[in-house]
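Student: I am new to this structure and would love a close look at one part of it. Could you walk me through how the helices of the first chain pack, and then show me a few details around them?

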Amino acid sequence: MAIIDILGYFSIFLALYFAIFVFSTIFEYKDNFYYKPKRKFQPRVSLVVPCYNEEKTISKTLRSFLNLDYQKNNLEIIVIDDGSADKTLSIAQEFSRKDNRIKVFHKENGGKYTALNLGIEKSTCPYLGTVDADSFLHKESLKKIMEQFEDQKVMAVISSVRIANPKTILEGIQYVEYLIGNFLKKVFSFLNGINVVPGPLSVFNKKIFAKIGPYKKAYQTEDLEMALRMQKNNMLITQAVDAIVYTQGCKTFKELLRQRLRWNKGGILNYKDYPELFNIKKHGNLAYLLLNSVVGCFVTMGLFIYATYRLIDYAYLKFNQLLLAKEDFFRLSFSFPDWVKFNTTPLFFLGLITLGALLIYVFLGKKFTKDPGPSKMNIIFFILIFPLVNGIFWIATFLLIIFKRKDLVWD
Amino acid sequence: MGLKTKKLNWSRHLAVLMATSIIFAGGFYLSNTIIEKKILAISKLQQGLSIDILSLETQFSILEQAPCKNLNESTLTKELFDISQKLKSVGNTLGQDNPDFLMLKKYYSILEIKHWLLVKKTAQECKVNIVSIVYLYGDKKNCPNCEDQGYVLTTLREKYPFLRVYSFDYNLPLAPLDTIKSIYKLKPELPILIINDDEIYGIKTKEELETILSHYINLAKLEQQATTTQATSTKK
C-alpha cells in the first residue's frame, strides 16, 4: 500500500470517528437542543458594536437592535467608532439623537479589540453583548440568549450565525458551512467544549472581564482568544441555537481568503498560547475537540494535496495525449482516468461514506438549528468544493506563518 | 442546566472507536465483495470467449477453409475489449502483483493470442482488410514510453476500424508468449510492435505508424468509397 493511501485511510478514519462521536452526542442530548427557561429573564444588557468604515451596514444593524423583542428599558446600545473615514459616525449619531438608548463614542483607530474594550468600559449593565457592525439580529435572538443566564454558572452565551441572503455560489457555500458550524457548536456546548465566542453576537456576564481581563489583540482573533481564556479559567460558555444573527458572507474569493487566513492564523497562534487546554486529563472534551480541530486542518491539507496531485497528473496525461494524438485527440470519446473509472478500493467506498457523513451534518444541522435550509445546489457545491478550498486556506495559512507576513488588517 | 462536565467519557470513545472500526471493516468487505463479483464476471466472460473462439476454430476445421460467409469476428473483438476493461478494474484494486489478477491476466493473454492467430488466418483466407498489431509493453520502470505508445495505438484503433491491437506484458511468465518472443527473436527493448510479421522496436508516433500502415489505410478508404457508391446506386 502506498504512503498516500495509508494517509488517506488514516484521515478517513479520523473524520469518521469524529462524525460518529458527534452523532452519538446528539443522540444523547437530542431533547436538550433548545433551552427551556423557568421564568422570564430579561436583565439589563449592553450591546457593543465596534465599527470601522461600516456606513453601508450600520443602519440596518442598529435598526435590528431597535426591533428586538426585549424589555425596552433594559437595553443599552453602545456604538464605538474606531476612527472610521466614512459616514459611520454621523449615521450612528443620527440614530442616537432619535433613541436615547443608543450611545455613540468615537476614538482613534486602534483595532477591533480596543473598540470592544472601550465598549466594556462604557457599559453600565451587568451583561454585555458584542455585535459586529455588519450583523443583523433576529427579533428573538437576544431574548433567547439572555434566558440562559438565569443559570448563574453561565458566563457567556453564543448565537447561531447565518449568512444573510446568499445569492452567489460562494455565499451559498458559506451558508452551508455556517449551518454546520452552528450545529457543531451546539454539540460542543453539550460537552463544554466551545472554543470561540463569535463576533456577530455573543453575550457575557460582565463579571468575567474583571476576573480575566479585557479583550486582547490576539492575532486579530480576539473572539477565539477570549473563549480560550474563559475555558482556561473554567468559565461556562453555552450556545443558544435558536438565537439567530445574520451576517454578511464574503462576496469574493479574495475576501474569503483574507478572512480565513486571519481566522486560521489566529487559531494556530492562539492555540500555541494555550497549550494547557490540550491536556486531556485536565480539559477532557475540550482537549479532544481542540486536538481534533488541529488534526482536522492537517487532514484537510492532505486531502487538498492528494486531490491536486491527482488533478495535475490527469491534466499532464491529457496534455501529453493531445501532443501524441494531435487532431485525433478530439475524436476519442472523453473518459475519466482509470483511478476514477475503475475504482473499487476500500478507500473509495470509505471516502464516499465520509462524504455521506458530511451530508448528514447538513441535514441534522438543518433540522436541529431550524434553518430554512440551503438550496440543494449549495449543498452539492459545498460538499464538492469546500473541502478543497479549505485545504487551500490552510496551506496558505501555514505559508503565511512560515514566511511571517505582516498582520492582516482590521476586519 | 447545571455545570456541564468537561470530563472525557471514555466509554463513549470506546463505543465510537468500535463503530468506526465496524464501518471500516464494512468498507473493506464491500470492496472485497465487488472484486469477487468482478473476478467471477471475468471468468464467465473468458469462458464465453473461449467457447466462441473454439467454435470458430472448429468451423475452420470442419470446412477445412475459413468460414468467410458467416464470419463475425467483430463480436469476438468486442468481448475481448470488455474483458480487458474489467481486468483493469481488478488490477487497480488488487494490485498488479496480486496472484488472482495475474492468473486472470495470463488467461486473457492466451485468449488474445488465440484471437490474434484466428484473425490473421481470417484476413489471409477471406481476403479481409484486417491488420493485427501485437504490442509488447512493460511497466513504467522498464518502459517509460509504453504508456504513450499504448495511447497512440488506442487512438489508431478507434480511427481505423480494421486495426486489431493485441497488448501483452513482455514480462508475463507465459509459455505461448515465450514462443512468440523466440519465433520473432525479440530483444527486450520495449516497446515492441509486431505488424504483419515485422517487428518494430522503440516508440512510434501516430504519423510513423500511419505511414507504415498507409497501404491498408488506402485500401480501407477504397473499400469505404465502394460501399458508399454501391449504397447510392442501390438507392437509385
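Tutor: Happily; what follows is a walk through helix packing, aromatic rings and a few backbone details. Please keep in mind that this is a predicted model.

Let's begin with helix α1 of chain A, which covers residues 3-29. Its partner here is helix α6 of chain A, residues 169-190. The axes of these helices come within 10 Å and cross at roughly 70 degrees. That angle makes α1(A) roughly perpendicular to α6(A), because angles of 65 to 115 degrees count as roughly perpendicular. As for the hand of the crossing, α1(A) passes α6(A) in a left-handed way.

Which residues meet there? From α1(A) come A:F18, A:V22, A:T25, A:I26 and A:Y29. On the side of α6(A) they meet A:F183, A:L184, A:V187, A:F188 and A:F190. Sorted by class, this contact of α1(A) with α6(A) has nine nonpolar residues, one polar residue and no charged residues. A general point helps when you look at such a list: an α-helix has 3.6 residues a turn, so residues three or four places apart point the same way.

Some of these names return when you look at the rings. A:Y29, A:F183 and A:F190 belong to one aromatic cluster, together with A:F33, A:Y34 and A:F368. Over all chains, the count comes to 26 aromatic pairs. One of them is formed by A:F348 and A:F349. In general, a pair of aromatic rings is described by the distance of the centres and the angle of the planes. For A:F348 and A:F349 the centres are 5.6 Å apart and the planes are at 70 degrees, an edge-to-face pair. The two partners fall into separate exposure classes: A:F348 is partly exposed, at 31% relative accessibility, while A:F349 is buried, with a relative accessible area of 11%. The cut-off for buried is under 20% relative accessible area, so A:F349 falls below it.

Now compare a second pair of helices. Helix α2 of chain A (residues 58-66) packs with helix α3 of chain A (residues 88-98) at an angle of about 25 degrees, and their axes are 10 Å apart. α2(A) and α3(A) are therefore roughly parallel to each other, since that word is used for angles under 35 degrees. The crossing of α2(A) and α3(A) is right-handed. On α2(A), the contact is made by A:I58, A:S59, A:L62, A:R63 and A:L66. On α3(A), the contact residues are A:T88, A:I91, A:A92 and A:F95. By class, the contact of α2(A) with α3(A) has six nonpolar, two polar and one charged residues.

Stay with α2(A) for a moment and ask which of its residues are buried. They are A:I58, A:S59, A:T61, A:L62, A:S64 and A:F65. These buried residues of α2(A) pack against α3 of chain A and also against the strands β1 (45-51), β2 (75-82) and β5 (135-137) of chain A.

Next, look further along the chain. A:K370 is found in the loop between α12 (346-368) and α13 of chain A. This lysine has a positive phi, near 50 degrees, and A:K370 is exposed, with a relative accessible area of 56%. A:N234 also has a positive phi, of about 55 degrees, although it is not a glycine. You will find A:N234 in the loop between α8 (222-232) and β8 (236-247) of chain A, and A:N234 counts as exposed at 57% relative accessibility. Why point these out? Most residues other than glycine have a negative phi, and most peptide bonds are trans.

Just past that loop with A:K370, helix α13 (residues 376-402) of chain A holds A:M377. At 48% relative accessibility, A:M377 counts as partly exposed. The C-alpha atoms of A:M377 and A:G172 are separated by 8.5 Å, although these residues are 205 residues apart along the chain.

Finally, a brief visit to chain B. Chain B has seven helices and four strands, and along the sequence they follow the pattern α-α-α-β-α-β-α-β-β-α-α. Of the 236 residues in chain B, 41% are buried. A cis peptide bond joins B:L190 and B:P191, with omega about -5 degrees. B:P191 lies in the loop between α5 (175-183) and β3 (192-195) of chain B.

Definitions and conventions. Residues are numbered from 1 along each chain as its sequence is written. Chains are lettered from A and ligands numbered from 1 in the order in which they are written. This is a predicted model: local features need pLDDT of at least 70, side-chain atom pairs count only at pLDDT 80 or more; totals for chains, interfaces and linings use all residues. Side-chain values use heavy atoms; hydrogens and water are left out. Axes are lines fitted to C-alpha atoms, for helices over the stretch in contact, and angles run from 0 to 180 degrees between N-to-C directions. Helices (H or I, at least four residues) and strands (E, at least two) are DSSP runs, numbered from the N terminus. Angles under 35 degrees count as roughly parallel, over 145 as roughly antiparallel, 65 to 115 as roughly perpendicular and the rest as oblique. A crossing is left-handed if the near helix is turned anticlockwise from the far one by less than a right angle, and right-handed if clockwise. Contact means heavy atoms within 4.5 Å. Ala, Val, Leu, Ile, Met, Phe, Trp, Tyr, Cys and Pro count as nonpolar, Asp, Glu, Lys and Arg as charged, and the others, Gly among them, as polar. Rings of Phe, Tyr and Trp (its six-membered ring) pair if their centres lie within 6.5 Å; planes under 30 degrees apart count as stacked, over 60 as edge-to-face and the rest as tilted. Buried means under 20% relative accessible area, exposed over 50%, partly exposed in between (1.4 Å probe, protein chains only).
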